[in-house]
Amino acid sequence: MTSLRGLADSARAYLPPEPFARWAAVFFTLSVWTLLISLAATQAFLALSSLCYVVHLIREKPARGNCKISFPPIKIPLAIFCVWTFFSMLFAEDPAAGGFVARKLILFVILLVAVNVIRSLRHLEFLFFGIFVEAGLAGLLGAIQFTAQYLHVSALNPQRVFQTMMLTRITGFMGHWMN
């Protein structure tokens, strides 16, 4: 059995060598892995990842002088979308109502952080492996929830199983069926 220290050392080999970039990569990985468990945790880890990456940029810029930010190839359409969103808020009947949507635009930082902190194929494979395991566990939990609900509903009301089951749905790890 591999020790926890050995596992951490092997994972560290695929992360960026700079400390704040490494923490940004770790927090980004946790952000991705908590997506099916808690949206609040996902966004908190994304914020920590973004903060660590900004600190990394600030610390590395003077040290190297050539610390650059990579942008995904969709930067122009994404910028147009963001600018158009703000522009449409200016002419809306209730501009304050658009504030909720405008705040959600910050989630596009996921693209920027992902492009800059995932620096190895092994790290990307590690992310995908975690996502697939999490999705499999969420699916298994959903199947168990569905079976338990079906057995309960069919025992109590066998004539109206479909109608009754539509009132409450499976949730997986989340508290709401849409997630």
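**A helical chain and its nonpolar core**

In this predicted model, the largest nonpolar core holds 15 residues, and those touching the most other members are Ala24, Phe28, Tyr53, Val117, Ile118 and Leu127. Three helices, α2 (19-33), α3 (39-64) and α6 (109-117), each supply at least two residues of this core. The top contributor is α2, which gives five residues. Ala24 offers a handy place to start looking: setting aside residues up to four places away in sequence, Ala24 touches Ser49, Cys52, Tyr53 and Val117. Two of these partners, Tyr53 and Val117, are themselves among the core members that touch the most others.

Stepping back to the whole protein chain, the secondary structure consists of eight helices and zero strands, so the order of elements from the N terminus reads simply α-α-α-α-α-α-α-α. Among contacts between residues at least 6 apart in sequence, 65% join residues at least 24 apart.

The overall dimensions round out the picture. The radius of gyration of the protein chain is 22 Å, whereas a compact globule of 179 residues would have a value near 16 Å. Along the principal axes, the C-alpha atoms fill a box of roughly 70 × 65 × 25 Å. Of the 179 residues, 27% count as buried.

Turning to the surface, the protein chain exposes about 12,400 Å², with 73% of that area supplied by carbon and sulfur atoms. As for charge, there are 14 positive and 7 negative side chains, and the centres of these two sets lie 4 Å apart.

Key:
Residues numbered from 1 in each chain as written. Predicted model: local features only at pLDDT ≥ 70, side-chain atom pairs only at ≥ 80, totals over all residues. Heavy atoms only, no water. Helix = DSSP H or I, 4+ residues; strand = E, 2+ residues; numbered from the N terminus. Rg over C-alpha atoms; globule rule 2.2 N^0.38 Å. Buried < 20%, exposed > 50% of the residue type's maximum accessible area, 1.4 Å probe, protein only. Contact = heavy atoms within 4.5 Å. Areas by Shrake-Rupley, 256 points an atom, 1.4 Å probe, with all protein chains shown as cover. Lys, Arg positive; Asp, Glu negative; His and termini not counted. Charge placed at Lys NZ, Arg CZ, Asp CG, Glu CD. Core = buried A, V, L, I, M, F, W, Y, C linked by side-chain atoms within 4.5 Å.
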